[in-house]
Amino acid sequence: MQEEIYSLYFKTNLWKCLNCYNDVDSNRRKTIMTVFGVSVYPDLSPMSEINEYLHLASKYGFTRVFSSMFSVEGTNEEIIDYFREFIKCAHECGMRVSLDVNTSFLTRLGQSYDDISLFHEIGCDIIRLDGSYGVEKDIIMTRNPYGIQVEMNASSSGAREIAYFKEHGVPEDRVLVCHNFYPQRYTGLKWNNFLETNRKLRPYGYRMAAFVSSNNENTHGVWDARDGLPTVERMRGLPIDLQVRIMLATGDVDDILIGNAYASEAEFQAIAEVMKPARPIEDSPIYKRLQAYGSDLSRFKECKRLKVIPEQD
């Protein structure tokens, strides 16, 4: 079955080596460090399990964690105290914290686009804005004095809004753009739609994030997720290392997050294997044969990532 899956992706897409794909985007891809992250759900798991999971993820180089703040029940004080402790645990693991909020929840906490001081007090690194105040007010939020990044929803924030940020001088280190994840089968993004959204947003230079999904047993997530939490529907159920390779191959995704919890250590190991430096051509088993035939070896470079061209309709 796995061989059939690999065959499907290589037959239905045109893949090119990024080192040989001489365009602006591939050059950008080579200069930006990929960030890996996990997602945790405090309304579904005790803090002790989450803390253990964050330590495991950080062991394999994961440096970001996503969580939904407005899904946690309790008084404002209880929610604030909980996330203050959660953020402290994440920072001890060397991970930056992204909290998912919406405008109604911010109002409940006494916060707004022009005052997010509470998030600074609890140590939040990124506010994932699930919704918008409107582009003018969103820009004010990005200019907060605390350096907290604002992550916009790629599905609801169109290219026009992101372009407006750029035109009005919002620095690239103040805004992130993140795709949604989709818990129900057949609701995830279509492959070409995913690539088309990225194509529209990428020119503005803000980091792009998307979700892959663990295939571990008994995972959980928002909305009673039982079938994984990927961004792209066709990736649902694929081996997690293949999902990561495909995301990297697009050349568009800077931050790759595991949408559901908890991924297994074997899956973390598989992702770490993907990110190992490519072997030099001299280590290739066909190197001596290439020499014998007099091939121009200068054309062969270290290569581990591919470029994806959308399918033809």
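Start with strands S7 and S8. Three bridges join S7 to S8, residues 207–212, and the two run parallel. Keep in mind that this is a predicted model. One contact to look at: Val177 has Met208 as its bridge partner in S8. The connection runs through helix H9, residues 191–201, and S7, H9 and S8 make a right-handed β-α-β unit.

Now the other neighbour. Strand S6, residues 149–153, is joined to S7 by four bridges, again parallel. Here Asn153 pairs with Cys178 of S7. Helix H8, residues 159–167, sits in this crossover: S6, H8 and S7 form a right-handed β-α-β unit.

So what covers S7, and on which faces? Both faces are covered. Val175 and Val177 are buried on one side, Leu176 and Cys178 on the other.

Next, salt bridges. The whole structure has 13. Take Lys59 and Glu265, at 3.0 Å, N to O. Lys59 is in helix H3, residues 47–59, and Glu265 is in helix H11, residues 265–274, so this pair ties together parts 206 residues apart in sequence. Lys59 is exposed, at 55% relative accessibility. Glu265 is partly exposed, at 32%.

Compare a buried pair. Arg128 bridges to Asp100, with the closest N and O atoms 3.9 Å apart. Arg128 lies in strand S5 and Asp100 in strand S4, so the pair ties together parts 28 residues apart in sequence. Arg128 is buried at 3%, and Asp100 is buried at 8%.

Another one: Arg236 and Glu233 meet at 2.8 Å, N to O. Arg236 is buried at 9%, Glu233 at 15%.

Last item. Arg64, Glu151, Arg207 and Asp255 are linked in a salt-bridge network.

Key
Residues are numbered from 1 along each chain as its sequence is written. This is a predicted model: local features need pLDDT of at least 70, side-chain atom pairs count only at pLDDT 80 or more; totals for chains, interfaces and linings use all residues. Side-chain values use heavy atoms; hydrogens and water are left out. Buried means under 20% relative accessible area, exposed over 50%, partly exposed in between (1.4 Å probe, protein chains only). Two strands pair if DSSP finds at least two bridges between them. A crossover is right-handed if, with the strands pointing away from the viewer, the path from the first strand over the helix to the second runs clockwise. A salt bridge is a side-chain nitrogen of Lys or Arg within 4 Å of a carboxyl oxygen of Asp or Glu.
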